Amino acid sequence: MVRVLIAEDNMPLSVHLSNIINSTEDAHVISINSNGLEAYKSIKTLNPEIVVLDLSLPDMMGMEFVKKIEMDEEIKSQIIVYSGYPEYISQLIGYKCVVGFFQKGT
């Protein structure tokens with residue numbers, strides 16, 4: 001079972017993503033965090049395999065978040081980035097911890 005952490009400040013969207021992920025047989029949401037700092041602390045303690053990351057978060061924006069994860073050798077989580085701003089997604093190509101991208105509807 002793949003352990004997933006969601007980092008999203010829009011609670012209805014977080015719940016929707018969680019329901020979709022939890023409806024699969026292979027994955028389970030272990031935490032939903034509404035800001036970047038909280039999500040980073042949760043990753044350090046919960047060690048999820050996958051992080052679904054909104055790039056626009058309070059307390060630590062997604063770009064800073066990804067750089068922090070990339071530099072922390074203790075963290076093995078892989079990140080799936082989603083955003084309503086495709087120009088930010090293109091800036092993350094090349095980060096080893098980022099394994100997927102998708103764009104939010106606007």
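A salt bridge is counted here where a side-chain nitrogen of Lys or Arg lies within 4 Å of a carboxyl oxygen of Asp or Glu. The model is predicted, and by this rule it holds 2 salt bridges. One of them joins Asp72 to Lys44, with the closest N and O atoms 2.7 Å apart. Asp72 is placed in the loop between helix H3 (62-71) and S4, whereas Lys44 belongs to helix H2 (residues 36-46), so this contact ties together parts that are 28 residues apart in sequence. A salt bridge is also formed between the side chains of Glu74 and Lys44, at 3.6 Å from N to O. Glu74 is likewise found in the loop between H3 and S4, and because Lys44 is in helix H2, the pair ties together parts that are 30 residues apart in sequence. Lys44, Asp72 and Glu74 are thus linked in a network of salt bridges.

The members of this network differ in their accessibility class. Asp72 has a relative accessibility of 13% and therefore counts as buried, the limit for that class being under 20%. Lys44, with a relative accessible area of 40%, is partly exposed. Glu74 is exposed, its relative accessible area being 65%.

The overall fold was considered next. The chain contains 4 helices and 5 strands, and these follow the pattern β-α-β-α-β-α-β-α-β when read along the sequence. For 106 residues, a compact globule would be expected to have a radius of gyration near 13 Å; the value for the chain is 12 Å, which agrees. Taken along the principal axes, the box filled by the C-alpha atoms is roughly 35 × 30 × 25 Å. Of the 106 residues of the chain, 42% count as buried.

Aromatic contacts were examined in the same model. The count comes to 1 aromatic pair. This pair consists of Tyr82 and Phe102, which are stacked, with 5.1 Å between the ring centres and 5 degrees between the planes. The contact links distant parts of the chain, since Tyr82 lies in strand S4 (residues 78-83) and Phe102 in strand S5 (residues 98-103), 20 residues apart. The angle of 5 degrees between the planes falls within the stacked class because that class takes planes under 30 degrees apart. Tyr82 counts as buried, at 1% relative accessibility, whereas Phe102 counts as partly exposed, at 37%. A further ring, that of Tyr40, has Lys68 over its face, at 4.9 Å from the ring centre.

Strand S2 and the surface were then inspected. Ile30 lies in strand S2 (residues 27-33). Its relative accessible area is 27%, and Ile30 is therefore partly exposed. The C-alpha atoms of Ile30 and Leu46 are 8.0 Å apart in space, while the two residues are 16 apart in sequence. A nonpolar patch on the surface is formed by Met11, Val15 and Ile32, which together have about 230 Å² of accessible area. Of these residues, Val15 is placed in helix H1 (residues 11-22). Val15 counts as partly exposed because its relative accessibility is 39%. That value also meets the condition for patch members, which must have over 30% relative accessible area.

Backbone geometry was noted at two loop residues. Asn47 has a positive phi of about 50 degrees although it is not a glycine. Asn47 is located in the loop between H2 and strand S3 (50-54), and at 44% relative accessibility Asn47 counts as partly exposed. Asp59 also has a positive phi, in this case about 75 degrees, and is not a glycine. Asp59 belongs to the loop between S3 and H3. With a relative accessible area of 61%, Asp59 is exposed.

Methods:
Residues are numbered from 1 along each chain as its sequence is written. This is a predicted model: local features need pLDDT of at least 70, side-chain atom pairs count only at pLDDT 80 or more; totals for chains, interfaces and linings use all residues. Side-chain values use heavy atoms; hydrogens and water are left out. Patches are made of residues with over 30% relative accessible area and no salt bridge: like charges are joined within 9 Å, nonpolar side chains (Val, Leu, Ile, Met, Phe, Trp, Tyr) within 5 Å. Accessible areas come from the Shrake-Rupley method with a 1.4 Å probe; for residues, only the protein chains shown count as cover. Buried means under 20% relative accessible area, exposed over 50%, partly exposed in between (1.4 Å probe, protein chains only). Rings of Phe, Tyr and Trp (its six-membered ring) pair if their centres lie within 6.5 Å; planes under 30 degrees apart count as stacked, over 60 as edge-to-face and the rest as tilted. A charge sits over a ring if NZ of Lys or CZ of Arg is within 6 Å of the ring centre and within 35 degrees of the ring normal. The radius of gyration is taken over C-alpha atoms; the globule rule is 2.2 Å times the number of residues to the power 0.38.
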